Each structure stands twice: as C-alpha cells, then as structure tokens.
Amino acid sequence: MGVRTTIDIDGARPVVRRRASPGDPAAAALLESRGRALQAAAGPAVVAVVRSAPGPHGGWELVTEYGGPPLAAGRLVGAGALAAAAAQVAAVLADLHGRGLAHGRLEREHILVGPDGNLVLCGFGPGPASASDDVAALGRILGELLGE
C-alpha cells in the first residue's frame with residue numbers, strides 16, 4: 001500500500017508519477033491534497049502539475065513535470081553560489097508568501113536544480129503552514145549546505 005513513485009516519459013517530457021493504491025484512501029487523499037497545493041502555487045519556479053486525478057485502476061495519481069535532481073552541496077561551489085541559491089529560493093518563497101501561500105514542508109530534497117540551472121520547488125505540504133516556517137526551514141537548509 002502507500003504511494004509508488006516512478007520517473008517516466010509522458011509524451012516527450014520527463015515526469016514524476018505518484019500513484020496511491022486503490023485500497024489506501026489516506027495515501028490518495030495526501031496525493032490529491034499535494035496536487036491542489038502545487039496547482040495553487042503554480043509558477044515558473046514550482047514543478048508543474050501535469051495531471052492530478054483518480055488513477056486508471058482506482059486510488060489517485062499525481063503526475064508532475066520532472067524538475068531535476070535535488071540541490072546538493074557539490075553543485076554549489078563557493079559562497080557566491082550558495083548566496084545565489086539562497087536568494088533564488090527566498091525570492092520564490094517571498095512570491096508564495098505574497099500570495100498568501102506557504103510551502104509548509106521545505107526540505108533540501110524539495111529544492112531541485114532544473115536543466116537550465118535555475119532552482120525549482122516541489123513537495124508542497126498539505127495543511128496549515130506559515131511564512132515563518134518556510135524561512136526557518138530555508139535557514140536550516142543553508143546551514144547544512146554551508147557545513148558541507
């Protein structure tokens with residue numbers, strides 16, 4: 001049971017496909033909620049939802065564009081690169097917060113490096129979250145990256 005995640009090709013683009021088992025209504029509700037959160041946060045620095053709907057055999061399916069690999073310290077050479085990454089993520093969060101939205105569960109694996117080198121957010125959390133939660137999480141992530 002739970003959620004099965006695969007990376008596939010849909011048409012000509014890579015996608016991340018998450019499927020909740022038909023017998024797991026909690027997992028289906030989670031995917032449906034994450035799909036709604038991503039759609040609400042839509043923008044150039046947020047992974048796009050391709051499809052969020054009941055799965056072909058029941059359950060729920062959330063398909064998003066593949067945003068790239070997670071941000072890793074090895075991709076950030078020097079303090080300038082870290083500062084640029086921090087500024088980019090902070091700008092995305094500020095845009096979301098200005099629209100009354102919060103990421104809600106920002107972790108390093110939710111900051112992706114797109115093919116053009118720009119950062120993209122994924123993994124938005126369902127439920128209540130605040131701008132201060134996001135800022136604290138970004139500070140923690142930057143501290144981890146700086147320590148590496």
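Modeller: Let's start with a term we will need: a salt bridge is a side-chain nitrogen of Lys or Arg within 4 Å of a carboxyl oxygen of Asp or Glu. Please keep in mind that the model we are looking at is predicted.

Colleague: Thanks! Which parts of the chain does the salt bridge of Arg140 and Glu107 tie together?

Modeller: The side chains of Arg140 and Glu107 meet with N and O 3.4 Å apart, and a salt bridge needs these atoms within 4 Å. The two residues are 33 apart in sequence, so their pair ties together the parts they lie in: for Arg140 helix 3, and for Glu107 the loop between helix 2 and strand 5.

Colleague: Is Arg140 buried, partly exposed or exposed?

Modeller: Buried means under 20% relative accessible area and exposed means over 50%, with partly exposed in between. Arg140 has a relative accessibility of 36%, so Arg140 counts as partly exposed.

Colleague: Arg140 also forms a salt bridge with Glu144. By about how many helical turns are Glu144 and Arg140 separated?

Modeller: The closest N and O atoms of this pair are 3.3 Å apart. Glu144 and Arg140 are 4 residues apart in helix 3, so the separation is about one helical turn.

Colleague: Which residues are joined into one network by salt bridges that share partners?

Modeller: Partners are shared here, so look for a group rather than a pair. The network consists of Asp8, Asp10, Arg17, Arg19, Arg51 and Glu61.

Colleague: In the salt bridge of Arg17 and Asp8, which residue counts as buried?

Modeller: The side chains of these two meet at 2.7 Å, N to O. Asp8 has a relative accessible area of 26%, so Asp8 is partly exposed. The other partner has a relative accessibility of 10%, and the residue that counts as buried is therefore Arg17.

Colleague: Let's turn to the sheet. Which strands stand at its edges?

Modeller: The open sheet has 4 strands in the order 1-2-4-3, with antiparallel pairing. An edge strand has a single partner strand, so one side is left without a neighbour in the sheet; this holds for strand 1 (3-10) and strand 3 (49-54).

Colleague: How many bridges join strand 1 to strand 2?

Modeller: Strand 2 covers residues 13-20 and runs antiparallel to strand 1. In this pair, Asp10 stands opposite Arg13. The number of bridges joining the two strands is 8.

Colleague: And which residue takes a positive phi in the hairpin of strand 3 and strand 4?

Modeller: Strand 3 pairs with strand 4 (residues 60-65) over 5 bridges, and one bridge partner pair is Arg51 and Val63. There are 5 residues between the strands of this hairpin. The phi near 100° belongs to Gly58.

Colleague: Now for the interior. Which helix gives the most to the largest nonpolar core?

Modeller: Nonpolar side chains tend to be buried together in soluble globular proteins. Here the largest nonpolar core has 27 residues, and Phe124 is one of those with the most contacts inside it. Helix 1 (25-40), helix 2 (79-98), strand 5 (111-113), strand 6 (119-121) and helix 3 (131-147) each supply at least two core residues. With 6 residues, the element that gives the most is helix 2.

Colleague: How many residues does the other core have, the one that lies apart?

Modeller: Among the residues of this other core are Ala20, Ala28, Leu31 and Trp60. Its number of residues is 6.

Note on methods:
Residues are numbered from 1 along each chain as its sequence is written. This is a predicted model: local features need pLDDT of at least 70, side-chain atom pairs count only at pLDDT 80 or more; totals for chains, interfaces and linings use all residues. Side-chain values use heavy atoms; hydrogens and water are left out. Two strands pair if DSSP finds at least two bridges between them. A nonpolar core is a set of buried Ala, Val, Leu, Ile, Met, Phe, Trp, Tyr and Cys residues joined through side-chain atoms within 4.5 Å. Buried means under 20% relative accessible area, exposed over 50%, partly exposed in between (1.4 Å probe, protein chains only).
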